[in-house]
Structure formats: C-alpha cells, structure tokens
Amino acid sequence: ETEPGQVPEQVVKAEPEAPAAEEEKKSGVCDVCSGDSSKNKTTALPEEMVSCVDCGRSAHPSCLQFEGQLAETVKQYNWQCLECKSCSVCGTSDNDDQLLFCDECDRGFHMYCLKPKIEKPPEGSWVCHMCRK
C-alpha cells in the first residue's frame, strides 16, 4: 500500500552514474560566493562544492542554505540546480510550478506524479518517500 505522496519504487526513474565527461562540465567556482573548494568566501573556510549534473554550475552547500543531512545527501546522487531541476518520477521539468522539492534530499517531484497525487503544495516542510524510508 502506498502512503500519500509516495511513489512505488519501480516508478522512480533511475539516476545514472555520473560519467567521467561530467567532471569536465563542473565549474570550480561557487555560483553564490565566487569562492572555490579551498575557501568559501562567506565563511572563509574550505568546503566541498556540489555541481549540477546537467549544467555544471557549482556551489557550496552552505551558500545554497543546505544544512545538516541535506548538505551531505546532495553529494551522494546526481544533483540538479534549481534551473535544471526535473521530476524524479517522469524526468521532465514541465510545469515547474507543480514541482515539490524534498527538504531532506532536494530532489524534485511533480505533485501529479506522486501516488496518490497531491492536489496543493503542503504547508511547511515536505519529505519524499525516498527519504522517509
């Protein structure tokens, strides 16, 4: 049985491994503070950056206001920046006003792709089925 806002595992699109060519696309400069991995210009501390798998834009998790577990989770999958974000179920970025972003992993989901559908955006934080496990 599927909980509200949950998608059966077999429906979630697979995230392919990032190919080596993707390394060349990554920017070595943070889009927010213009620092690099050796120095976040906001905190003056070294900080590993995350890079968008699609466009290569990079940023420090703290510059994106990703804290705690979220800052670590986005480093473990093919993360997409806000401009490139697509639905983790159908793979499109159509109807971006219908995309929900998980507060624990930052993946996007169309409200209508979830089973059962979510009719309106939830108030407060929202956690996807992948993070609720």
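The legends below accompany close-up views of a predicted model of one protein.

**View 1. The whole chain, with its helices and strands in order along the sequence.** The protein contains three helices and four strands, which follow one another in the pattern α-β-β-α-β-β-α when the chain is read along its sequence. Of its 133 residues, 40% count as buried, and the area that the protein exposes comes to about 8,100 Å², with carbon and sulfur atoms supplying 47% of it. Among contacts between residues at least 6 apart in sequence, 48% join residues at least 24 apart.

**View 2. The largest nonpolar core, with F109 among its members that touch the most others.** This core has 13 residues, of which L100, F109, L114, I118, W126 and C128 touch the most other members. When residues up to four places away in sequence are not counted, F109 touches C87, S88, V89, Q98, L99, L100, L114, W126, C128, H129 and M130. Another core, made of ten residues that include V50, C52, A71 and W79, lies apart from it. In soluble globular proteins, nonpolar side chains tend to be buried together.

**View 3. The surroundings of N40, a residue in the loop between α1 (21-25) and β1 (50-51).** N40 counts as buried because its relative accessible area is 0%, which is under the cut-off of 20%. Leaving aside neighbours within four places in sequence, N40 is in contact with C33, L45, E47, H60, S62 and C63.

**View 4. The pair N40 and S62, joined through their side chains.** N40 and S62 stand 22 residues apart in sequence, and their C-alpha atoms are 8.9 Å apart in space. The side chains of N40 and S62 are joined by a polar contact of 3.0 Å.

Technical notes:
Residues numbered from 1 in each chain as written. Predicted model: local features only at pLDDT ≥ 70, side-chain atom pairs only at ≥ 80, totals over all residues. Heavy atoms only, no water. Core = buried A, V, L, I, M, F, W, Y, C linked by side-chain atoms within 4.5 Å. Buried < 20%, exposed > 50% of the residue type's maximum accessible area, 1.4 Å probe, protein only. Contact = heavy atoms within 4.5 Å. Helix = DSSP H or I, 4+ residues; strand = E, 2+ residues; numbered from the N terminus. Polar contact = N/O pair within 3.5 Å; in protein donor to acceptor, adjacent residues only side chain to side chain. Areas by Shrake-Rupley, 256 points an atom, 1.4 Å probe, with all protein chains shown as cover.
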